[in-house]
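Student: I should be grateful for a close look at a single part of this assembly, set out as one connected account.

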Amino acid sequence: MPVDLNAPLPACLALLGAWALIGAAGLLRPSSVRFAGRTLFPLGAIVGLGLAAVAAVGLARPAEQVVLAIGLPDLPFHLRRDALASVFLVMLGAAAAGISLFAAGYFRRGEGTPPGLLCFQYHLFLASMGLVLLADDAYAFMVAWESMALASYFLVVSQHRIPEIRRAGFLYFVVAHVGAISLLLCFGVLQGGSWLFTFDAMRAASLAPGAATLAFALALIGFGAKAGLVPLHVWLPEAHPAAPSPVSALMSGVMLKTAVYGTLRVTFDLLGEPHWSWGLVPLAVGLGSAFYGVVFAAVQTDMKRLLAYSSVENLGLAFAGVGLAIVFHGVGMRALAVLATIAAIYHCVNHAFMKSLLFLGTGAVLHATGERNLGRLGGLLRRMPWTAWIVLVGVLAIAGLPPLNGFVSEWLLLQAFLFSSEVPVNFIDMLLPLCAAVVALCAALAGYVMVKFYGVIFLGQPREAALARAHDCGWLERLGMLWLAAGCIALGLFPAQVVAVLGEVAGGLLGEVPPRPAAPWWLLVPLPDREASYGPLAFLLVAAAVIVVTAVVVRAVYHQRVRRSAAWDCGFARLDARMQDTAEGFGQPIRNIFQPFFRIQRELPDPFDAEPRYRVTVGDRIWGYAYVPLGALVRRLADLAAYVQRGRIATYLLYSFLTLLTLLALVLWNGPRS
Amino acid sequence: MERTAILTQLLEMGAAVALAPLFLGWVTQCRAWLQNRSAPPVWLPYRAIRKLFHKDAVLAQDASPLFRIAPYVVFGTMVVAAAIIPSMSTLPLNRAADAIALVGLFATARVFMSLAAMDVGTAFGTFGARREMMVGFLAEPALLMVIFVASLISQSTALPVISEALATQALGLYPSLAFTAVAFTLVLLAENARIPVDNPATHLELTMIHEAMLLEYSARHLALMEWAAALKLFNYACIGFALFLPWGLATGAAGPQALALAIPALLAKLAVAGLGIAVIETLSAKLRVFRVPEFLAAAFLFAVLGMLVHQLLGA
Amino acid sequence: MELALLLVIPLAGALLLALTGARPRAPELNVAFSAGALLAAVALAVRVIAEGELLLGREQFFVDPFNVFLITLTAFVGLTTSLFSRSYMRVEVDHGRIGAGRLRLYHSMYQLFMATMLVALTTNNMGLLWVAMEAATLSTVLLVTLYRTPASLEAGWKYFILCGVGIALALFGTILLYFAAEKVLGAEGVTALLWTHLDAVKARLEPTVLELAFVFLLVGYGTKAGLVPLHNWLPDAHAEGPTPISAVLSGLLLNVAIYAVVRCKVLVEGSLQSSIPSQMLMGFGVASVVLASFLLWRQRDIKRLFAYSSIEHMGIITFAFGMGGPVANFAALLHMTVHSLTKSAIFFAVGHAAQKAGSQLMDDIRGLITTSPTIGWGLLAGTLAILGVPPFGVFASEFLILTTAMREQPWATPILLVALGVAFAAIFGRVQPMVFGETSLRRLPHPPALLPVFTHLGVVLLLGLYVPPYLADWYRLAARLVGGH
Amino acid sequence: MNTVAWDLQLLNLFAALLLLLSFAMLSQRRIVSLVNLLALQGLMLWAATLLLAWRTHQGHLYMSAALTFGLKVVLLPWLLHRMIRRLKVYWETEPVINPAATMLVGVLIVIFSFGLAQPIAELASTTTRSALGIAVSVILLAFLMMITRRKALSQVVGFLSMENGLFFGAMSATYGMPMVVELGVALDVLVAMLVLGVFFFQIREQFDSLDLHHLESLRERD
């Protein structure tokens, strides 16, 4: 089938179809690990690579549309691929390639759903995510959106024997459904009287300011529920750890970004001219989520929950970028709006690679040790060198350290915030620079969290004897992780090229393509008229040179005698692994400083306790303030409604008697109709 | 990249590496005088480093390669930071990294040091790492606000541009800059483990932060770490000069004679700064660890005040 | 000729099975009769598509695009339910819950019930429609009380009395209709009650009389359709009888009741220009959706849970017909189809699950997927379909209904969406632990009937993604017939 | 001319008696006399239909009168008496609301029914159009009786009294329904009675009493 390069949409669709086919093939032999693992998942990875390549080609091509035969009789599926969709498709393809490769080696024994069925749900999940990015009418978008939620729900409850996992799956699916309902309402408002639900009609419809604001609010709620913004984030730390690691990597890495894609699509494409004040809400909620996520990540003791909260943080930063872009766009500073959008999209792409790598790392650790609790890990660097060193790249990237990609998107975001003081609205021009401080705080805290994550798992002494038998992961898994690490490094070292591409995408979306800066290829100058620039390659070369020179000089000057001895135990004879800092310990400063944010339950023994138990559980206040009362309200209403069904036939007859009389009275009262 | 630019770049990096221990020795000497103790010789740090280089390296049984690589990485990052900060003249490498990249660089050093500390798995290593990271994440927003205020004035985050803009401004009392300078000083003290936050001289388990991480290091690795710490103090001082005492910097275009003028200016500034640090250290006592957040919150508040004053009064 | 065949086959089946109902081959006979009825229905449908409306049996029977798709649906679900009842009853007989006599009663009443529904759907005479509805009630009462347990007796009694009273009111409504028609069509009596004639002259009928007639008819047939203030009998009746009967009651009888209400609405709406009938229907619809959703939270019996879900979906359909207009009617007809297919599929799966667990309480049914994956996945897929999760057809019709509601009745959309959300949380929260988790069920000797469950869900999935063009035109034609502004 | 034709007077008399019987059934406590009142109501209905058939010379009315007599005056009361003897249930327990209140509500219902039937009666061309109000009130009174009864059997008597009201309504509004419908309705009522008989025996066997408070276990909330 000749791939027509200047019209990649059919090729993209074919590849999504290929994914679905691979999934269906998994059903043929559900219980065989070899068939699903060794053949189907690598095939899925190759299709992922293909999708990334085709979408990358599509980046430069103009937007194109196609109408499928399926769908409602008078509203068939409209699909459209434009630059924005292509960027996210590239991200989906590239991340899926690495994760599928890892998954090929990961799924071994039949714990939970059989591998064939898991392969089916996994590839259906990928295909529906692709469809979400391509959908061009409300019905297709909703079908793809909820199919994505449905497939990921099944993946989350793959080990359904454990009650917590079932509870997490239920919570996830209910919040996803609530989000979908608000999206349905949003599309209802968006069509603005034309009653055609294709996105083109919505683009053409000009909404009254009130309706536009309502549509934006509903879209923000809907997409916020999927992205895990603070009030609606409770499902994320439950669902991601419950899923098998490749799936949580896919959910954290890629699925959450469909929410950012959706927000950009609705705000700039469908609504067209967003009012600047709208931007403040995603900005405030984004920063709130970022801070809330990272603070909670710092006190977690389960490694996958820690990464899930870190996803809440990164998505919060992305939404802050989008909010800032809306503010700039609203006040007419188009160049800065483009910069903020580039920062948001760049951060999404970075996070896709970084977070997937970390989740895959935890997957490898989980399979090697069978442990998820940080209190029972440690010292794995010596037993799992490959995993440890590759995950170190991810850790440094997500902590936002210079040569790697995490720093670049934060740098762009901070640059955008720097120029926010020129916003011509008083008060706002003072508040926005303060937000820069919150972004910096979150970035620094992310460093703190990642040091804790890496230090407690890989470094130090093994806290359990069983860890001695831990073995490194297979070559397929290493390959998958290496691909993602390479992605992190490449995105970190060549930001100028990436920003150029994203510039066109954001420019196309916001209606003003930024001029290409006259800078050497290795230097990133986001705003031609401003002096800020960042050249990671030169930066890395100089650092490497200095380190090599130091090492050589020290080697030359210094005699090579090295002696090994026991670590210094300051006189205390038996230094064992329990004396290391535990995960709770490492989180203690955060718990102490940000105490009002947590719901801390302490279980301290009284002095006469036979076997004292020290237990500190850190809960989420929002769960107690928002979700528990909501559940209680619904239950109270249900009890109220139950009064109708009291069991006595006389009351039932009375209901029908009264209904008859009221309706007759209503008809009579309205008077004879001539 | 002309030859002279490369030459000035190398000169500046060499000068920084060489002068750093001297600056540390000078600060310790001033402190001794102020506390009327007999002061150790100014070149004591050089001797300590040379001595350490000749000792046998003792490593813990299960120290991983990360533990041995970390000193080189930390020292390397500090030298690169020195290469970026325009202590004497604007440098070609400035275009590659601006102030935010500098903050990132310091963060890299801090992360690597913490990871190395946690690697051996003793109580003190992780203890120190945790506190170092805490001070780190509290100081970074304040440092960033300081840079932001400076960049608001000069419309750019590149250090040479900032210092040039500040240098060419009309002489006068700028309250915003004053507040920012105070904030910067507090951050400097916190980041370099000076008295109010951490006592550089002590090995008292409960209070040490920076020293706890170096506990397991010995010989050449310890030397590198000590040298890196001195270099970090020197870098912070140079950032302070670039932002608040920008005069005497040779701009890129000027020839060797401007450079010649810049060296004594730098030495003078270093002497004054060293004395300043010593005075602050003798006057203040060490804070409890969980008072450090308030200390750094004060720094952040000063920086924000500086920014608000700049926005409102335009000064 | 097809119509005669369509009606005679079930009646003959009822008589024959009354005699041989207990024999070993009786279930296969039951399936054969249902299959015969389906063939006749398909033949009738083909003929109607080819020639358009049909007036047969001296105008007593009338088949148009609106009721022919309901007839085919009824016959199809009748066939699949008989397939399911074959394996279901085999297990019931093994467990000794059904004797030989009652098995004969079951089979004959089943076929009689199919016959009465088909008569109700095809008749042109409003009086005969009433008689068929009454006969349907009578036949199902005996089926609901098949197990002779105190609960089933109580359910049967309530079902009989409430529906009997409701149907009596409907009779008075028919009398008023007949009275209004006689003034216009002259007093020769035979054609006054024929729907085709009434439809022709509906503009000239007396508005006040028709309005009162509509009230009585709406309350009457509304009781049969389980609309909220009149719904109390439905959860008990659908939960206590044998599961094939619950499937057929929930899937088909409710549709026939709604069909009757819509037939009357067409007449009444034609005569009077006011939109009171539509408002009444919408009022009943919204009330049903809201109350049923909140009642779902307290359920502990799986069949009562899905009975309330039927009330909720009937509410949605009534609301859609209340809104009127081509899109809403089209969506309502689509919703009727997918709802009856999905609900009967769910009851099939629930039937097998309840037999495996030996009780209908949801707490006793755990870990279906581990013991019998097919039933587990069937129940889960059915639940997701009934909750309106996109790939399935229920979402397609709900999407159309909600978007039309946003245009015409914006006040109703948030209420409906909140109720749908509450219902989603309630049902999914209960079904999930049943399907997943540790299992407590025992394997049964007889294999479950899986064909019906997965054919139904397959059709619903197909309707969700791709509504075949001829079916779409069929619905559009019917939607225009139902009319409304 | 106030001297309306004598047969119309007789018809109005039967209608009035029908209404009176409905009120009597509303307050009756003994089930045996309740069934007798039902039979009387059937008799009144039969007489009115016969009179109307004679007056309007409509063939099918004679048939319907015969059907009413056979079913409502002879067969159903006989069946009910046989059931009472077999089930030995003679006394109705205390009704749900006291008789005085029921009477008051009954009067209100009659007023409402006349208000309801008045616009229809104007349009009716039949001579007995004034009886339509009575028919509606008999239906609603029977409905009220079903609500206030505690015994299953008396609820069925209410149901049958409602059927009588319906037939009288049909007869007064449109001189009865088309024959095929009348036959269908009669057949349905007969089958309903047989089914109810089966019910009574099953309920008696399960709860050894016909009191309805045993049938209250299926509920959401107690």
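Student: Please concentrate on chain C. How far apart are the nearest C-alpha atoms of chain B and chain C?

Tutor: The nearest C-alpha atoms of chain B and chain C are 40 Å apart, and the two chains do not touch. The model is predicted: local features require pLDDT of at least 70 and side-chain atom pairs count only at pLDDT 80 or more, whereas totals for chains, interfaces and linings use all residues. Residues are numbered from 1 along each chain as its sequence is written, and chains are lettered from A and ligands numbered from 1 in the order in which they are written.

Chain C as a whole contains 19 helices and two strands (DSSP runs numbered from the N terminus: H or I over at least four residues for a helix, E over at least two for a strand). Along the principal axes, its C-alpha atoms fill a box of roughly 65 × 55 × 45 Å. The radius of gyration of chain C, over C-alpha atoms, is 21 Å, which agrees with the value near 23 Å for a compact globule of 485 residues (2.2 Å times the number of residues to the power 0.38). Of these 485 residues, 71% are buried, that is, have 20 or more other C-beta atoms, placed from the backbone, within 10 Å of their own; exposed residues have 12 or fewer, and partly exposed ones fall in between. Among contacts in chain C (C-beta atoms, placed from the backbone, within 7 Å) between residues at least 6 apart in sequence, 82% join residues at least 24 apart.

One helix pair in chain C merits detail. Helix α12 (residues 302-323) and helix α13 (residues 326-357) of chain C pack at about 175 degrees, their axes 9 Å apart; axes are lines fitted to C-alpha atoms over the stretch in contact, and angles run from 0 to 180 degrees between N-to-C directions. The arrangement of α12(C) and α13(C) is therefore roughly antiparallel (over 145 degrees; under 35 is roughly parallel, 65 to 115 roughly perpendicular and the rest oblique). Residues making the contact include C:F306, C:I316 and C:F321 of α12(C), together with C:M336, C:I346 and C:F347 of α13(C). The contact of α12(C) with α13(C) comprises 15 nonpolar, five polar and two charged residues (Ala, Val, Leu, Ile, Met, Phe, Trp, Tyr, Cys and Pro are nonpolar, Asp, Glu, Lys and Arg charged, the others, Gly among them, polar).

A backbone feature is found at C:R148, which has a positive phi of about 55 degrees although it is not a glycine. C:R148 sits in the loop between α5 (126-144) and α6 (150-185) of chain C. With 15 other C-beta atoms within 10 Å, C:R148 is partly exposed.

Chain C also meets a neighbour: its contact with chain D takes 38 residues from chain C and 35 from chain D. On the chain D side, the elements giving two or more residues are α4 (99-123), α5 (131-148), α6 (152-174) and α7 (179-207). Of these, α7(D) supplies the largest share, 12 residues. The chain D side divides into 25 nonpolar, seven polar and three charged residues. Elsewhere, no contact joins chain B and chain D, whose closest C-alpha atoms lie 56 Å apart, while chains A and B share the most contacts of the four pairs of chains in contact.
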